[in-house]
Amino acid sequence: MHKQINRYTLLLLLACVVSLIVFLGNAWFNTKGEPREAVVAVSMLKYGNWILPVNNGVDIAYKPPFFHWCIAALSLLQGYVSEFTARLPSALALTAVAITGFRFYARRTSADVALLAAIITLTNFELHRAGTNCRVDMVLCAAMVLALYSLYRWSERGLRGLPLAAVLCMSAAFLTKGPVGVVLPCLVTFVYMWIRGAGFLRLVWKFALVAIASCVLPVCWYVAAWTQGGDTFLELIYEENVLRFLGKMSYESHVNPWWYNVVTVVAGYVPYTLLVVMSLFVIKYKKVKGRPREWWEKFRTYIREMDNVRLFSLLATVLIFVFYCIPKSKRSVYLLPIYPFLAYFLAEYMVYLAKRHLRTLRAFGYVLFALALVVFGAFVAVRAGAVPDTIFSGKHAAENIAFMRALETQPLGFTGIIAIAAPLVAGVVFIMSRRRSLMAQVYTLTAVPFAVFFSLDGWYTATVLNTKSDIGVAQQINRVVPTGDAYWFSKKIEKVDPMRPFTVNFYLNDRVKPFDDFLPKSGYVLSSDDDMPAFKERHPEYDIAEVADYNHRSCDTKQWYKLYKFSRQVDK
């Protein structure tokens, strides 16, 4: 058993490298979220302030710095932050979740189910997207999930000693996105132990000790950051950690109803959501009998008799889900910590379907293969120039045409051919697996979504989305302003201003500053036709002239960027 677990671990590690790490640097930054995080690490390396770095000229990061420390540390060897090193912490985090989750479940359940759960963890849409993006959420998820596994092992030891691994993981989670990284792992394990009969008061003081220990390192950083940032830092922390939960922020941030979380989990578990929907039409349902009180008693009995690992996984899923239904601010990535536990239940369900309803499982595989064939056929048509530009209309027509032209003209190369062919090969292997064992058929089925993500990351995604990136604008500005600061201007002056050129600023090594905060005598400013009337009205003492029209719609601000040269006539 031990050798089998080690062998599967090596296979999983190889799968993680192939599916997550190999293509990390292919796509340029093309949304404001990734460069907004990456530029914090740029600032750390550039100015040497790893406590409370200032970026974009005046901003301090909205989140604690652990994620940005990881980026900066991984970038030290090459001396600069790249797309690859900026995304690498997320990829390593998902790798840790998959492998640690496999080893956790393999030692307590079935190695085959554990391996299947790990593969599902790697091949659902939401986790895979988070694991290949430069955002804090995957690192937070990994720290919380690994803390949960460690706390469970602590419960197996009868809560003896201090779970140091859990404390360090929760400290990292706290330093990634705040106290929620300590609250939720402790809450889940506390409730689990209470249901299993542990004394309430003993649990209270034990988990209070663990929570306090997990806050020591974060408090050190908070004190150091407060020393630098003062009241501004405290106000930001209060708003992000208290007012966000209470729904009383000074600005609306991802406000959604409670059912939004249901929709995002259903959508986030694509393509396996489709399998669940298909299976609903073939499984047999038992007629509900008895009164509500009897139902409750049966439910309590079911919980009491449930296997420890399954109960712990169920509580992790339910409690974290319900917790994130409370605040008004909701995003799909907030629920990432429940995905590895859902993967375990989904793995058990797929094994059940393989034994009882194999045709449904194979039908799901055929659907995936058919979709892969459709995508490949569309690609061939585009590559052959058989799709006219006229099929696109509306305000996004130009962008969609650019996507299509990139697919048509981008050189394939050996890697591109392998990536595009991968889903077809995986589909054929699955079809030919009919005479193999049940688990072999299940594994070859999961190879299809694995190959789809490999194909997307290996060629399609970068080819399409690189057309959106502002890197070309940054490169042209760099030729005009090779050293020193450039500026940007937006007519919006709200406390939280989303109109910032994060991508341009990243590719210019954090040299773009807000005009209104510095009011320089002369230089170059990045703006748009929409903002120029406000600039002239607000700053009549400046002469300003257009230098370059980049004819590019920004992936950050959605405006058409232009570069202007300005000079102040009268000092005020």
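This section describes two helix pairs and a set of individual residues in a predicted model.

The pairing of helix α7 with helix α9 is considered first. Helix α7 spans residues 137–156 and helix α9 spans residues 180–195. Their axes lie 9 Å apart and the angle between them is about 30°. Because angles under 35 degrees count as roughly parallel, α7 and α9 are described as roughly parallel to each other. The crossing of α7 past α9 is right-handed. On the α7 side, the contact is formed by Leu140, Met144, Ala147, Leu148, Leu151, Tyr152 and Ser155. Helix α9 contributes Val180, Gly181, Leu184, Pro185, Cys186, Val188, Thr189, Tyr192 and Met193. Sorted by class, the residues of this contact comprise 13 nonpolar and three polar residues, with no charged residue.

A second pair is formed by helix α17, residues 397–409, and helix α19, residues 438–465. The axes of these helices come within 8 Å and cross at roughly 135°. The two helices are therefore oblique to each other, and their crossing is right-handed. The contact brings Phe403, Ala406 and Leu407 of α17 against Trp459, Tyr460, Thr463 and Val464 of α19. Six of the residues in the contact of α17 with α19 are nonpolar and one is polar, while none is charged.

Helix α17 also contains glutamate 399. The relative accessibility of glutamate 399 is 27%, so this residue counts as partly exposed. When neighbours within four places in sequence are set aside, the contacts of glutamate 399 are with Lys468 and Arg553. Arginine 538 is separated from glutamate 399 by 139 residues in sequence, and the C-alpha atoms of the two residues are 33 Å apart in space.

A further glutamate, at position 34, is located in helix α2, which covers residues 33–47. Glutamate 34 has a relative accessibility of 4% and therefore counts as buried, given that the cut-off for burial is under 20%. A polar contact of 2.8 Å links the side chain of glutamate 34 to the side chain of arginine 87. Beyond its neighbours within four places in sequence, glutamate 34 is in contact with Phe29, Arg87, Thr132, Asn133, Cys134 and Arg135.

The region around helix α12 shows a cis peptide bond, which joins valine 270 and proline 271 with an omega of about 10°. Proline 271 belongs to the loop between α11, residues 259–268, and α12. Threonine 273 lies in helix α12 itself, which comprises residues 272–279. With a relative accessibility of 18%, threonine 273 counts as buried. A polar atom of the threonine 273 side chain is positioned 2.5 Å from the backbone oxygen of valine 266.

Strand β7, residues 560–568, includes tyrosine 561. Tyrosine 561 is buried, its relative accessible area being 4%. The side chain of tyrosine 561 makes a polar contact of 3.2 Å with the side chain of serine 554. Leucine 526 is 35 residues from tyrosine 561 along the chain, and the C-alpha atoms of these two residues are separated by 6.7 Å. Leucine 526 is also one of the residues touched by tyrosine 561 when residues up to four places away in sequence are not counted. The same list of contacts comprises Asp470, Val473, Pro501, Val504, Ser527, Asp549, Tyr550, Asn551, His552 and Ser554.

Positive phi values occur at two loop residues other than glycine, described here in turn. Lysine 558 has a phi near 65° and is placed in the loop between β6, residues 542–553, and β7. The relative accessible area of lysine 558 is 37%, and this residue is therefore partly exposed. Asparagine 509 has a phi near 60°, likewise a positive value in a residue other than glycine. The loop that holds asparagine 509 runs between α21, residues 502–507, and β4, residues 512–514. Asparagine 509 has a relative accessibility of 40% and so counts as partly exposed.

Terms used:
Residues are numbered from 1 along each chain as its sequence is written. This is a predicted model: local features need pLDDT of at least 70, side-chain atom pairs count only at pLDDT 80 or more; totals for chains, interfaces and linings use all residues. Side-chain values use heavy atoms; hydrogens and water are left out. Helices (H or I, at least four residues) and strands (E, at least two) are DSSP runs, numbered from the N terminus. Buried means under 20% relative accessible area, exposed over 50%, partly exposed in between (1.4 Å probe, protein chains only). Contact means heavy atoms within 4.5 Å. A polar contact is a pair of N or O atoms within 3.5 Å; within protein, one must be able to donate a hydrogen and the other to accept it, and residues adjacent in sequence count only if both atoms are side-chain atoms. Axes are lines fitted to C-alpha atoms, for helices over the stretch in contact, and angles run from 0 to 180 degrees between N-to-C directions. Angles under 35 degrees count as roughly parallel, over 145 as roughly antiparallel, 65 to 115 as roughly perpendicular and the rest as oblique. A crossing is left-handed if the near helix is turned anticlockwise from the far one by less than a right angle, and right-handed if clockwise. Ala, Val, Leu, Ile, Met, Phe, Trp, Tyr, Cys and Pro count as nonpolar, Asp, Glu, Lys and Arg as charged, and the others, Gly among them, as polar.
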